[in-house]
Amino acid sequence: MLRNHFKIAWRNLTRNRVYSVINIFGLATGMAVAILIGLWLYDEFSYDTHHQNYDRIAQVMQNQTFDGEVRTWDNQAMQLGPELRDSYGNHFKYIVMASGTNDHILSAGEKRLNKSGAYMEPQVPDLLTLKMLKGTRAGLNDPSSILLSESVAQSFFGDADPVGALMKIDNKLIVKVTGVYEDLPRNSSFADLTFIAPWELLIKSEEFDKKLTWGNSWFQTFVQVTDQADIGNVSAAIKYAKLNRLRKEKTDDVRSKPELFLHPMSRWHLYGEFKNGVNVGGRIQYVWMYGTIGVFVLLLACINFMNLSTARSEKRAKEVGIRKVVGSARSQLISQFFTESIVVALLAFALSLLLVPLALPLFNETADKKMEMLWANPWFWLTGIGFSLITGLIAGSYPALYLSSFVPVKVLKGTFRLGRLAALPRKALVVVQFTVSITLIIGTVIVFRQIQFTKNRPVGYSRNGLLTIPMQTEEVRQGYEALRNDLLGTGAVVELSQSESPVTNAGITNGGFEWRGKAPGMQDEQVTVGVTHEFGKTVDWKIKEGRDFSRAFATDSSGFILNEAAVKYMGFDQPLGEQVKAFGRTYTVIGVVKNMVMQSPYEAVGPIIFYIDAFKRTNFINVKINPRTSVSEALATIGTVFKQHNPTTPFEFKFADDAYAAKFRSEEQVGRLARYFSGLAIFISCLGLFGLASFTAEQRTKEIGVRKVLGATVINLVTLLSGDFLKLVLVALLIATPLAWYFLSGWLQAYAYRTDLAWSVFALSGLGAVGIALLTVSFQSVKAARMNPVKSLRTE
């Protein structure tokens, strides 16, 4: 019996090739999209699970209150590690202090490479469960050691065993390789950790143990709680550890009321955003968004499948009547229809498995992932086959349960009619399809507009021809003046300067400033940027009041230049000449510059203070290329001069334009993926519309013939056939517009600097969807309207 069901199912597929292709290809496309998004979701949810104890690993973070606003930081004082060990050690299995993961120059012999790594305490290999390929996890116990990732070891030593080899970090710290660990996967928060050096080496070499206090939150603290401990309870236990210490030392930092808490590794990737001290989400919004898109695209494909299946099944009423007359039981008819539907769904699933590997490279490039098909994962197969069976059962339920109930006498006598409401479910599903499609189109346009709106935001300085060179070694720092003079002499650059932070990423904050009119007890916090005198000319900032820094004024070493936000924050009506106590001395405000976007381009510019660096904190060289010189020639000249002055330091640089563009990477990924999925959604919807239009034209062939005989023109007939479908799309537009407005206005609220929801976006998106639908339907309508009426009426 089952064999016979499959045979009949195959015959029906081959007999109606057009509908079969539309059914299978449309459903396969939806399934392929769902699989791609499923792989992306799997990658996101499996983030950091590579580390065996990830459910018990956490980062110590802190909330601090500044001027009534709670801010959350992941940086801690170096003294926190010993404090946790001494006072709360029974809660933790491992406590690891670490520097941030930054670029450093590694060298072995004459070979020098720029690699990202960190200084960490010796227990980090156990905390991260590193897989050691050479040496042991105890390698960092030697304060002059280094652990290399497999790729870095390969870059320096090839296939030779590197254990015992000597290397240098930043041309000054000599270390010995004591181990090699397997590269961490891309979906790990430590993916960029390509080498690990001992924490003690950093502290001793920089004499941080003599310089830094509890107020210097420069580092990170990672912990693993004991097997019996609960992260929430431990988090509550250490809440006031820092505050209690500050109270004992009676420092001004106590005014920020720091409160510690543990942020579990399982939430780092998807729940990394905090507002006013509360975890409000993060990338999880993209997970929900992509997951929702995947469900809807798959839903569109399933709607196509169900619509075409039910539409075609109505033509088989006589077949059902004859089968019943010759003895078929209703259960046999039900199983036949279900079998046919499941066969189509399984064929679509098989086709989707061919489509996904073809699309995966492009999807990986767009999403910045390295995902692979989960061929060996049993859940993948169970989910795919299970979904195919469920889809087949749902799509086949109408013909199986409804058609099998027909009375054979009425069907065979020709007195059976489906009724006016038979097509109502199909019309409702078409409305759902286009509602989803139009909503996705509008969303895609708004995301694109938001990105472009922010990109075109005035930044307060010129990025054209501006590049940043990190000062990674003492060689570069000590030879800066000579380098500057020689580069200016080449004519390839027009100005050079130093700064504490890159112009696109000012993130160093300081507090405890005093100024006239400051509210009593106010705990202030402002971004500060130490610079050299030529910084303003290099970046071409805009002076609003006062003047720029100048070497002609010796007093500028005690001068401040504020941005507009800082003037407002301090409450100055006439800022020039105002005095501010900071860094143990008194500064005078000599100028005000227009706000510069040096942090997130999506947020309002905060207060920033610029000062002449007297503390040797500058870490970057800013270079302005001569606009009359080609970029390639200028870079070649800068590189040559740089190597002449710094033969042991690699020439590394980054254009300000590229650094600024990188801030839009996540949103642009969202925009690109949304664009692809919107295109697929409208394609799938139109594919179904094409099939239904073909079916309707075929069903009304004789009516069209009669109308043509009675004088109807091609335009009359096209309008008649297209009108019903056009009404459905217009209804979908009316539903999609308020839906899109509601969800997108909520999404835009997350951005302080945002575009508006222009009515033209909704109008043009709706017109585009209506136009595409009209073209789709008109093709079949014109074809039917041009048919010779003799052919359609010859049987009458």
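## Salt bridges, a helix, a hairpin and two cores

R186 and D368 meet in a salt bridge, with 3.0 Å between their closest N and O atoms. This contact ties together distant parts of the chain, as R186 sits in the loop between β10 (173–181) and β11 (195–198) while D368 belongs to the loop between α13 (330–367) and α14 (378–401), 182 residues apart. Keep in mind as you look around that this is a predicted model. Is R186 buried or exposed? With a relative accessibility of 42%, R186 lies in between and counts as partly exposed, because that class runs from 20% to 50%. D368 is also partly exposed, at 43%.

That pair belongs to a set of 26 salt bridges in the structure. In general, side chains of opposite charge can pair when their charged atoms come close. Another example is E668 with K455, where the closest N and O atoms are 2.5 Å apart. Here too distant parts of the chain are linked: E668 is in helix α23 (residues 665–699) and K455 in helix α16 (residues 424–455), 213 residues apart. E668 has a relative accessible area of 21%, so it counts as partly exposed rather than buried, the limit for buried being under 20%. K455, at 26%, is partly exposed as well.

A helix and a strand are joined in a similar way. The side chains of E564 and K544 form a salt bridge with an N to O distance of 3.0 Å. E564 lies in helix α20 (residues 564–570) and K544 in strand β21 (residues 543–546), 20 residues apart. Both are partly exposed, E564 with a relative accessible area of 25% and K544 with 46%. If you would like to see charged residues joined beyond a single pair, turn to D43, E44, R283 and K369, which are linked in a network of salt bridges.

Next, let us visit helix α18 (residues 480–490). Which of its residues are buried? They are Y480, L483, R484 and L487. These residues share one side of α18, because they span an arc of only 100° around the axis. The elements covering them include α17 (474–478), β17 (493–499), β26 (620–625) and α21 (631–645). After α18 comes G491, which has a positive phi near 80°.

A hairpin makes a good next stop. Strand β1 (residues 57–66) runs antiparallel to strand β2 (residues 69–73), and five bridges join them. To find the register, start from N63, whose bridge partner in β2 is T72. Two residues lie between the strands of this hairpin, and D67 in the turn has a positive phi of about 50°.

Finally, look inside. In soluble globular proteins, nonpolar side chains tend to be buried together. The largest nonpolar core in this model has 56 residues, and F434, V503, W541, M596 and F610 have the most contacts inside it. Which helix gives the most to this core? Helix α25 (residues 714–748) does, with ten residues. For a closer view, centre on F610: leaving aside neighbours within four places in sequence, its contacts include V529, V531, F535, W541, F549 and G559. F560, I561, V593, M596 and M598 are also among the contacts of F610. Apart from this core lies another, of 45 residues, including I35, V287, M371 and I684.

Conventions: Residues numbered from 1 in each chain as written. Predicted model: local features only at pLDDT ≥ 70, side-chain atom pairs only at ≥ 80, totals over all residues. Heavy atoms only, no water. Salt bridge = Lys/Arg side-chain N within 4 Å of Asp/Glu carboxyl O. Helix = DSSP H or I, 4+ residues; strand = E, 2+ residues; numbered from the N terminus. Buried < 20%, exposed > 50% of the residue type's maximum accessible area, 1.4 Å probe, protein only. Arc of directions from axis to C-beta. Contact = heavy atoms within 4.5 Å. Pairing = 2+ DSSP bridges. Core = buried A, V, L, I, M, F, W, Y, C linked by side-chain atoms within 4.5 Å.
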